Amino acid sequence: LGLVTLTFSLLYCEILILVEELILSFPLRTFMVCAFITAVAHSAQLCFLRRNVRWEVYSQHLCVTRDGIRFVKDKRKSGVGWACTDKGKTSKTVPFDQITDCDIQ
């Protein structure tokens with residue numbers, strides 16, 4: 001692995017708002033159509049939705065290394081937050097020679 005030469009700060013607040021709006025819109029529409037059992041399952045899901053989105057968003061990191069661009073997701077909680085439902089650390093490096101188009105704002 002290459003040495004980290006540049007680290008970027010993600011816009012966590014904006015990502016949280018967008019993901020929450022996207023995820024909340026689906027359960028609210030299906031709640032009116034589904035049966036009682038589905039409504040109970042969705043209400044349990046909604047109780048932990050904000051926590052899951054926050055855990056997912058804050059576990060993401062991006063940096064530029066000598067070898068390419070590295071995207072990392074740290075070990076994080078998921079589901080209801082129990083240790084048995086934790087998601088493991090994942091990382092992916094995209095080599096510079098595989099990048100064909102890049103927009104920088």
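**Close-up views around glutamate 56**

Glu56, Lys73, Arg76 and Lys87 come together as a network of linked salt bridges. Please keep in mind while browsing these views that the model is predicted.

**View 1. The salt-bridge network.** The structure contains three salt bridges. Their partners are easy to list: lysine 73 meets glutamate 56, arginine 76 meets glutamate 56, and lysine 87 forms a salt bridge with glutamate 56. As general background, side chains carrying opposite charges can pair when their charged atoms come close.

**View 2. Lysine 73 and glutamate 56.** Here the two side chains form a salt bridge, with an N to O distance of 2.4 Å. The pair connects distant parts of the chain, since lysine 73 sits in strand 3 and glutamate 56 in helix 2, 17 residues apart. Are these two residues buried or exposed? Both lysine 73 and glutamate 56 are buried. The link between their side chains also counts as a polar contact of 2.4 Å.

**View 3. Arginine 76 and glutamate 56.** In this view the side chains of arginine 76 and glutamate 56 form a salt bridge at 3.3 Å, N to O. Because arginine 76 belongs to the loop between strand 3 and strand 4 (90-95) while glutamate 56 belongs to helix 2, the pair ties together parts that are 20 residues apart in sequence. Arginine 76 is buried, as is glutamate 56.

**View 4. Lysine 87 and glutamate 56.** The closest N and O atoms of this salt bridge are 3.8 Å apart. Lysine 87 is found in the loop between strand 3 and strand 4, and glutamate 56 in helix 2, so the pair ties together parts that are 31 residues apart in sequence. How accessible is lysine 87? With a relative accessibility of 38%, lysine 87 counts as partly exposed.

**View 5. The surroundings of lysine 73.** Strand 3, residues 68-73, is the home of lysine 73. Lysine 73 has a relative accessible area of 18%, so this residue counts as buried, the cut-off being under 20%. Setting aside residues up to four places away in sequence, lysine 73 touches Glu56, Ser59, Gln60, Gly88, Lys89 and Thr90.

**View 6. Glutamine 60 in strand 2.** Take a look at glutamine 60, which is placed in strand 2 (residues 60-65). Its relative accessible area is 15%, so glutamine 60 is buried. The side chain of glutamine 60 reaches the backbone oxygen of glutamate 56 at 3.4 Å. Apart from neighbours within four places in sequence, glutamine 60 is in contact with Leu10, Tyr12, Phe71, Val72 and Lys73. For one of these, phenylalanine 71, the C-alpha to C-alpha distance from glutamine 60 is 7.3 Å, with the two residues 11 apart in sequence.

**View 7. The largest nonpolar core.** Which residues make up the largest nonpolar core? There are six: Leu10, Tyr12, Leu16, Leu49, Val53 and Val57. Helix 1 (12-31) and helix 2 (36-58) are the elements that each give two or more residues to this core. Helix 2 supplies the largest share, with three residues.

**View 8. Leucine 10 and its contacts.** Leucine 10 is one of the residues of the largest nonpolar core. Its contacts, without neighbours within four places in sequence, are Ile15, Gln60, His61 and Leu62. Glutamine 60 brings us back to the earlier views, as the contacts of glutamine 60 include both Leu10 and Lys73.

How values were computed
Residues numbered from 1 in each chain as written. Predicted model: local features only at pLDDT ≥ 70, side-chain atom pairs only at ≥ 80, totals over all residues. Heavy atoms only, no water. Helix = DSSP H or I, 4+ residues; strand = E, 2+ residues; numbered from the N terminus. Buried < 20%, exposed > 50% of the residue type's maximum accessible area, 1.4 Å probe, protein only. Polar contact = N/O pair within 3.5 Å; in protein donor to acceptor, adjacent residues only side chain to side chain. Contact = heavy atoms within 4.5 Å. Core = buried A, V, L, I, M, F, W, Y, C linked by side-chain atoms within 4.5 Å. Salt bridge = Lys/Arg side-chain N within 4 Å of Asp/Glu carboxyl O.
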